[in-house]
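User: Pick one part and give me a close look at how it packs. I'd like one connected walk-through, with cut-offs wherever you use a term.

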Amino acid sequence: MYLQFYGLREAPFAPTPDPKFLFQSTRHREALAQLLYGVRERKGFIVLSGEIGTGKTTLLRTLLERLDRDTHVAYVHNSALGIEGLLEYILHDWGVKSVGASHAQRLFELNEFLIDQHRQGLSPVLVIDEAQNLSVETLEAVRLLSNFETTNQKLMQILLVGQPELREKLNVPELRQLKQRIGLRCHIGPLSPEETRLYIRHRLRIAGATDAGIFTDGAIQRITEYSEGTPRVINIVCDHCLLSGYADSKRRIDAGVVDEAIEYLEEGERPEWKRSRQTRLVPSRTTVWAARSGVAVLVVLLMMLLVFAANATGWFGHALP
Ligand SMILES: Nc1ncnc2c1ncn2[C@@H]1O[C@H](COP(=O)(O)OP(=O)(O)O)[C@@H](O)[C@H]1O
Ligand SMILES: [Mg+2]
């Protein structure tokens with residue numbers, strides 16, 4: 001592998017949501033602060049949304065690392081579960097030895113557990129990742145779970161995390177009660193061009209790079225354009241660049257290496273790449289300007305040629321009285 005060649009301890013652009021690599025862009029930092037605040041202040045329902053690959057799961061894992069050690073966390077990432085499966089999973093994750101055979105018995109066990117936690121001054125956290133896939137019925141059932149509360153406090157905190165479709169789903173009339181209970185919402189978006197540059201450097205540094213300039217400015221510019229600031233895409237492209245740079249014994253990754261890596265990735269049959277390629281079918285602003293300028297220059301040249309030809313043939317002289 002390329003690690004030794006580039007003086008790295010570990011892969012800098014692995015696809016896993018590892019909190020160790022968290023780069024705190026303005027939006028990521030704000031969202032993390034809000035999530036921590038929401039959980040600590042017991043806001044009840046909290047929603048975190050963001051496009052695919054923008055760092056929601058990475059942020060969540062960072063949040064969970066920062067919570068007190070004795071906070072019980074149930075992390076559900078299989079959103080195909082219905083409410084029964086969900087409840088079973090939660091009880092298991094919180095270490096409740098469930099003997100309940102019916103839904104009502106399981107709810108009773110959950111209530112007992114939450115009250116016991118409350119007596120100890122604790123408030124367990126339920127995280128549902130990829131929550132945009134939950135059915136409306138399951139979401140409504142999750143709201144009912146949040147009914148466990150004292151007169152002034154929620155007994156558990158529920159974090160719903162998902163793609164922007166989640167926000168749309170929460171707008172359906174059947175979920176208006178859930179929507180009203182959302183105590184806090186945060187959204188993360190793509191990185192700005194400057195943040196993309198810092199992100200690449202940050203990940204390289206965490207992976208042990210002593211040379212901050214493995215990627216040239218031109219390379220970073222190409223990656224910025226192609227990825228449109230989505231961390232997951234940046235990672236995939238950068239990883240490919242290091243691989244092909246190593247194969248060609250190139251210490252510096254320049255724009256040419258990036259173009260090759262992008263071409264290679266685009267040739268693959270990955271649907272997500274095909275999708276981003278489709279968006280690229282719309283010409284960029286630079287291309288439009290270049291095309292417009294080209295047409296303008298051609299028109300001027302043509303007019304000059306006409307005037308010249310008219311002069312040479314004496315056409316103006318004949319035409320004028
Ligand atoms: N702020 C960030 N700092 C470091 N790595 C990030 C960040 N955001 C995303 N990533 C990386 O991008 C990839 C996709 O992130 P992930 O958290 O799985 O996105 P999402 O859950 O929004 O689809 C992972 O490899 C992750 O490590
Ligand atoms: Mg995720």
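**What sits over helix 11**

Analyst: The cover over the buried residues of helix 11 includes helix 9 (217–227) and helix 10 (231–247); cover here means contact, with backbone-placed C-beta atoms within 7 Å. This is a predicted model, where local features need pLDDT of at least 70 and side-chain atom pairs 80 or more, while totals for chains, interfaces and linings use all residues. Residues count from 1 along each chain as its sequence is written, with chains lettered from A and ligands numbered from 1 in the order written.

Helix 11 (a DSSP run of H or I, at least four residues, numbered from the N terminus) buries Val257, Val258, Ala261 and Ile262. Down the axis of helix 11, these fall within an arc of 135° (directions from axis to C-beta), so they line one face. Turned away from that buried side are the exposed residues Glu263 and Glu267. Buried means 20 or more other C-beta atoms within 10 Å, exposed 12 or fewer.

Now the two covering helices. Helix 9 and helix 10 pack at about 135°, axes 9 Å apart, which makes helix 9 oblique to helix 10 (outside under 35, over 145 and 65 to 115 degrees). Ile223, Tyr226 and Ser227 of helix 9 make that contact with Val233, Ile234, Val237 and Cys238 of helix 10.

Helix 9 itself buries Ala219, Ile220, Arg222, Ile223, Thr224 and Ser227. Their cover includes helix 8 (193–206), helix 10 and helix 11. Right after helix 9 comes Glu228, with a positive phi near 50°.

Note on methods. Contact = placed C-beta atoms within 7 Å. Axes fitted to C-alpha atoms, helices over the stretch in contact; angles between N-to-C directions.
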